[in-house]
Amino acid sequence: MDFGGKILVGAAATVALGLVGHILSGESFISDLEKQAQTELAARGLNDAMVTLGRAPLSRSAILDGDLADDAKQEAVNVVAAIPGISGASWLGQEQVEPEASEQSGTTAAKSDADGKIAQCQDGVDKIIETRKISFRSGSAYVSPDSNQILDTLAKALKSCDGLSIAVEGHTDDNGDKAVNKVMSQERADRIKAGLVDRGISADLITATGYGSTRPRAKGSDEAADAQNRRIEFRIGSANAAPKIDAKAQQGE
């Protein structure tokens, strides 16, 4: 290969690497927007609304779904549409709402500080369980000894969160009876709540909800998907608008 050919090959490789880097950084940006949207909804007590931004292609337009009354749906759409970086929001199957500049510009310093505190606490919880798994004895709500140690660490972190609300969500895979799965997920969420209360977190600030297999993180029923879908999640919210359901930081059974 002559010198000119080597230059062209090198240039092509550089472009390819740049495109890969762009895609990866774009995916991270979209994921961060989704996480920010869920945190903001939790702060407003709208945890039943779930936010998704498109991946193919990457999109900053949010689609919301969940079991909410019509007025709460509209509030959730408005909340998400006002988040900087999101180009618009709509309820699944409905017309998109564009962000209102006046709503964004009218955000007070107090609200900004509160949102920052929620995000900081959420990030702390997420980091604790990033590589550690809350697990239970198969077919029961018995918390494993290793998971009790994780709860020790979580409780210490949550005590510094100045009374923010914590929503605990239980999720299962889709194996077995759906009604049984929902009951099991509720029992496990309740057990985690009880564990945090035992460790000094106010019961008034914690809610626990079991979703069974209704909110899968991964599609399919193979072992890898099941492992992702069996989880406990935590979502941190405002104490003044305690979440109806739960807080964020993913974990598995």
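Me: Buried means under 20% relative accessible area, exposed means over 50%, and partly exposed is whatever falls in between (1.4 Å probe, protein chains only); why, then, is Glu169 called buried?

Reply: Glu169 has a relative accessible area of 1%, which is under the 20% limit, so the residue counts as buried. The model is a predicted one, in which local features need pLDDT of at least 70 and side-chain atom pairs count only at pLDDT 80 or more, while totals for chains, interfaces and linings use all residues. Residues are numbered from 1 along each chain as its sequence is written, and side-chain values use heavy atoms, with hydrogens and water left out.

Me: What makes the side chains of Arg235 and Glu169 a salt bridge?

Reply: The term asks for a side-chain nitrogen of Lys or Arg within 4 Å of a carboxyl oxygen of Asp or Glu. For Arg235 and Glu169 the N to O distance is 2.9 Å, so the pair meets the rule. Arg235 lies in strand E6 (residues 231-237) and Glu169 in strand E4 (residues 165-171), so parts that are 66 residues apart in sequence are tied together here. Strands, like helices, are DSSP runs numbered from the N terminus (E, at least two residues, for strands; H or I, at least four, for helices). Arg235, at 3% relative accessibility, is buried as well.

Me: How do you know that Asp173 forms a salt bridge with Arg230?

Reply: The closest N and O atoms of Asp173 and Arg230 are 2.9 Å apart, so they fall within the salt-bridge limit. Asp173 sits in the loop between E4 and helix H6 (178-198), whereas Arg230 sits in the loop between helix H7 (223-229) and E6, so this bridge ties together parts 57 residues apart in sequence. Asp173 counts as buried at 8% relative accessibility, while Arg230, at 24%, is partly exposed. Elsewhere, salt bridges that share partners join Glu169, Arg217, Arg231, Glu233 and Arg235 into one network.

Me: Why is Lys35 called partly exposed?

Reply: Its relative accessible area is 31%, a value that lies between the two limits and therefore counts as partly exposed. Asp126, with a value of 9%, is buried. The two side chains meet in a salt bridge with an N to O distance of 2.6 Å. That pair links distant parts of the chain, with Lys35 in helix H1 (residues 3-43) and Asp126 in helix H4 (residues 109-129), 91 residues apart.

Me: What makes the Asp126 and Lys35 side chains a polar contact too?

Reply: A polar contact is a pair of N or O atoms within 3.5 Å; within protein, one atom must be able to donate a hydrogen and the other to accept it, and residues adjacent in sequence count only if both atoms are side-chain atoms. The distance for Asp126 and Lys35 is 2.6 Å, so it is within that limit. By the salt-bridge rule, the count for the structure comes to ten.

Me: How do you know that the charged end of Arg137 sits over the ring of Tyr142?

Reply: The test is that NZ of Lys or CZ of Arg is within 6 Å of the ring centre and within 35 degrees of the ring normal. Arg137 passes this test, with its charged end 4.1 Å from the centre of the Tyr142 ring. The charged end of Arg215 likewise sits over the ring of Tyr211, at 4.2 Å from its centre. The backbone nitrogen of Tyr142 also lies 3.2 Å from a polar atom of the side chain of Ser140, a residue of the loop between H4 and helix H5 (145-159).

Me: Why does Val143 count as buried?

Reply: Val143 has 7% relative accessibility, which is under the limit, so it counts as buried. The residue lies in the loop between H4 and H5. Leaving aside neighbours within four places in sequence, Val143 is in contact (heavy atoms within 4.5 Å) with Ser135, Phe136, Asn148, Arg191 and Ile192. Ile232, found in strand E6, is buried too, with a relative accessible area of 1%. Of the 253 residues of the protein, 41% count as buried.
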